[in-house]
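Work through the exercises below with the sequence and the coordinates at hand. Each task is followed by a solution in steps.

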Amino acid sequence: MPNNLNDKNLEKVKRVYSFWGKFPSLYNAQDAITFLGKAKTIRSLAVEKMGLKKGDKVLEVACGSGRNFPYLVEAVGKGGFILGFDYSQEMLVAAKQLCERNNWENVKLVHGDAARLEINKNGFDGVLSVLGISAIPDWEKALQRCYDVLRPGGKLVVCDARLFTGFLKILNPLVRRIYSKFAAWDSSKNIPEKMKEIFRNITIKNYNMETFFIAVSTKSLSPNALLERSF
Ligand SMILES: C[S@@+](CC[C@H](N)C(=O)[O-])C[C@H]1O[C@@H](n2cnc3c(N)ncnc32)[C@H](O)[C@@H]1O
């Protein structure tokens, strides 16, 4: 993506999520609408599909206000570690408050652009992104970064939204407009296809009348990957 377009889109992300970060309860309310009332079920399923164990290290890309933290904290336990990464300072403030309220001391929050994520190559047991990749301007690079930070055998789980199919597709122009303006959502990205290209494997399941999908890719245990890890 050309640099100036990327910068312009990042400005939009900053503007849009500065609002939601200041009003996390409002964000939670719209979350219920976006997930058609099934936010808890779909979020917990996405975390379940990461196949985490107690003590694991997890990265959540575009973690926002921390809506997935309860499930991640439960999965990795007190001995595990969660790194929440997001571009919006205001969303991170909301995430920090959530962690403080719950005494989650093993969650660290970092600010930055996921496309430029340069932390801990091969260092994470799992990477999660829920409604994140579709909002990240340079999303293809961000997916590559997710691959890089995973250990061989680790899973990337992406849970994201799609436009309606079937008779409800008459609503799509409106949905596209609203979510682009208020959530920086770009429905034109083919996220599963890019995941498959990078990881060479994918499994996908659809939910909520196909308006949501959970895609899982595993970083291969190829000899090259193992070699990279040992150095
Ligand atoms: C719809 S919210 C999803 C938040 C959270 N994952 C959830 O499940 O509620 C999209 C998030 O993507 C973040 N985001 C957008 N572009 C980003 C980027 N380039 N790098 C990191 N985070 C980004 C936004 O700041 C926002 O918090």
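A residue counts as buried when its relative accessible area is under 20%, and as exposed when that area is over 50%. The model is predicted.

**Exercise 1. Determine which residues of helix 8 are buried, how they are arranged around the axis, and what covers them.**

Step 1. Helix 8 spans residues 191-199. With the cut-off above, its buried residues are Ile 191, Pro 192, Lys 194, Met 195, Ile 198 and Phe 199.

Step 2. These residues cover an arc of only 160° around the axis, so they lie on the same side of helix 8.

Step 3. The cover over the buried residues of helix 8 includes helix 6 (139-149) and strand 5 (150-161), along with strand 6 (203-207) and strand 7 (212-218).

**Exercise 2. Find the backbone sign of phi at Arg 200 and Met 209, then place both residues and classify them as buried or exposed.**

Step 1. Arg 200 is not a glycine, yet its phi is positive, about 70°. Met 209 is not a glycine either, and its phi is positive at about 55°.

Step 2. Arg 200 sits in the loop between helix 8 and strand 6. Met 209 belongs to the loop between strand 6 and strand 7.

Step 3. The relative accessible area of Arg 200 is 71%, so Arg 200 is exposed. For Met 209 the value is 52%, so Met 209 is exposed.

**Exercise 3. Compare the span of helix 5 with its expected span, then describe its buried side and the residue that follows the helix.**

Step 1. Helix 5 runs over residues 89-102, which is 14 residues. From its first C-alpha to its last it reaches 20 Å, close to the 20 Å expected at 1.5 Å a residue.

Step 2. Met 91, Leu 92, Ala 94, Ala 95, Leu 98 and Cys 99 are buried in helix 5. Their arc around the axis is only 160°, which puts them on the same side of helix 5.

Step 3. Against these buried residues pack three helices and two strands: helix 1 (3-22), helix 2 (24-34), helix 4 (69-76), strand 2 (81-86) and strand 3 (107-111).

Step 4. Asn 103 follows helix 5, and its phi is positive, near 55°.

**Exercise 4. Locate Gly 64 and Ser 88, classify each as buried or exposed, and list their contacts beyond four places in sequence.**

Step 1. Gly 64 is in the loop between strand 1 (57-61) and helix 4. Its relative accessible area is 7%, so Gly 64 is buried.

Step 2. Apart from residues up to four places away in sequence, Gly 64 touches Asp 86, Met 91, Leu 92 and Ala 95. Met 91, Leu 92 and Ala 95 are among the buried residues of helix 5.

Step 3. Ser 88 is in the loop between strand 2 and helix 5. Its relative accessibility is 1%, so Ser 88 counts as buried.

Step 4. With neighbours within four places in sequence left aside, Ser 88 is in contact with Tyr 17, Ser 18 and His 111. Its C-alpha atom is separated by 9.2 Å from that of Asp 113, 25 residues apart along the chain.

**Exercise 5. Describe the largest pocket: its volume, the residues closest to its centre, and the make-up of its lining.**

Step 1. The largest pocket holds about 900 Å³ of space. It is lined by 47 residues, and the closest to its centre are Tyr 17, Thr 34, Leu 131, Tyr 179 and Ala 183.

Step 2. Helix 1, helix 2, strand 2 and helix 7 (172-183) each give two or more residues to this lining. Helix 7 gives the most, with six residues.

Step 3. By type, the lining has 30 nonpolar, 10 polar and seven charged residues.

Step 4. Tyr 179 also touches Gln 30, as does Trp 20. Gln 30 is found in helix 2, and with a relative accessible area of 17% Gln 30 is buried.

**Exercise 6. Repeat the analysis for the second largest pocket.**

Step 1. Its volume is about 270 Å³. Of the 15 lining residues, Asn 28, Ser 65, Gly 66, Arg 67 and Leu 98 are the closest to the centre.

Step 2. At least two lining residues come from each of helix 2, helix 3 (39-48), helix 4 and helix 5. Helix 5 gives the most, with four residues.

Step 3. The lining of the second largest pocket divides into six nonpolar, five polar and four charged residues.

Terms used: Residues are numbered from 1 along each chain as its sequence is written. This is a predicted model: local features need pLDDT of at least 70, side-chain atom pairs count only at pLDDT 80 or more; totals for chains, interfaces and linings use all residues. Side-chain values use heavy atoms; hydrogens and water are left out. The expected span of a helix is 1.5 Å times one less than its number of residues. Buried means under 20% relative accessible area, exposed over 50%, partly exposed in between (1.4 Å probe, protein chains only). The arc is that of the directions from the helix axis to the C-beta atoms. Contact means heavy atoms within 4.5 Å. On a 1 Å grid over the protein atoms alone, a cavity is a set of points where a 1.4 Å probe fits but cannot get out, and a pocket is an open set with protein on both sides within 12 Å along at least five of seven lines; lining residues have an atom within 4 Å of a point. Grid points are joined across faces, edges and corners, and a volume is the space filled by probe spheres set on the points. Ala, Val, Leu, Ile, Met, Phe, Trp, Tyr, Cys and Pro count as nonpolar, Asp, Glu, Lys and Arg as charged, and the others, Gly among them, as polar.
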